[in-house]
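Got the model open in your viewer? Let's take a short walk through it, one selection at a time.

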Amino acid sequence: MTNVINLKKAKQKRADGKTLCTSGFHKWELLAGRRFDVKQGRLVSTERCKRCGEERIKLT
């Protein structure tokens with residue numbers, strides 16, 4: 001009986017936050033530095049998801 005696995009911990013390791021990103025619930029964090037877009041005349045900031053690493057560009 002020493003080979004018993006705790007199922008709650010096994011499920012937590014498997015999901016590890018990636019299931020939220022597939023549903024569209026990213027956790028965005030701002031990358032360092034802002035750029036200026038000359039054509040549109042706006043500041044451009046780049047954000048990256050902490051969980052899956054996807055990047056997006058946001059105009060401010």
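Which elements of the chain have the lowest and the highest mean pLDDT? Colour by confidence and select residues 7-15: this is helix H1, with the lowest mean pLDDT among the elements, 59. Now jump to residues 28-30, strand S1, which has the highest at 91. Bear in mind that this is a predicted model. Over the chain, pLDDT averages 78, and 73% of the residues score at least 70.

Next, switch to cartoon view. You should be able to pick out two helices and four strands. Trace them from the N terminus and the order reads α-α-β-β-β-β.

Now put a surface on. The chain exposes about 5,500 Å², and carbon and sulfur atoms supply 52% of that. There are 60 residues here, and 10% of them count as buried. As for how the chain meets itself, take contacts between residues at least 6 apart in sequence: 24% of these join residues at least 24 apart.

Time to zoom in. Hide the surface and select residues 42-49, which make up strand S3, then show the side chain of Glu 47 within that strand. Is Glu 47 buried or exposed? Its relative accessible area is 10%, and because the cut-off for buried is under 20%, Glu 47 counts as buried.

What does Glu 47 touch, once you skip neighbours within four places in sequence? Select Trp 28, Glu 29 and Leu 30, then add Glu 54, Glu 55, Arg 56 and Lys 58: Glu 47 is in contact with each of these.

Keep Arg 56 on screen and look at how its side chain meets that of Glu 47. The two form a salt bridge, with an N to O distance of 2.6 Å. The pair also shows up as a side-chain polar contact of 2.6 Å. Arg 56 itself counts as partly exposed, at 33% relative accessibility, while its partner Glu 47 is buried at 10%.

How many salt bridges are there to find? The count comes to two, so there's another stop to make. Select Arg 48 and Glu 55: they form a salt bridge whose closest N and O atoms are 2.3 Å apart. Arg 48 is partly exposed, with a relative accessible area of 33%. Glu 55 is partly exposed too, at 43%.

To finish, show both pairs together as sticks: Glu 47 with Arg 56, and Arg 48 with Glu 55.

How values were computed:
Residues are numbered from 1 along each chain as its sequence is written. This is a predicted model: local features need pLDDT of at least 70, side-chain atom pairs count only at pLDDT 80 or more; totals for chains, interfaces and linings use all residues. Side-chain values use heavy atoms; hydrogens and water are left out. pLDDT is the predictor's confidence in each residue, from 0 to 100. Buried means under 20% relative accessible area, exposed over 50%, partly exposed in between (1.4 Å probe, protein chains only). A polar contact is a pair of N or O atoms within 3.5 Å; within protein, one must be able to donate a hydrogen and the other to accept it, and residues adjacent in sequence count only if both atoms are side-chain atoms. Contact means heavy atoms within 4.5 Å. Accessible areas come from the Shrake-Rupley method with a 1.4 Å probe; for residues, only the protein chains shown count as cover. A salt bridge is a side-chain nitrogen of Lys or Arg within 4 Å of a carboxyl oxygen of Asp or Glu.
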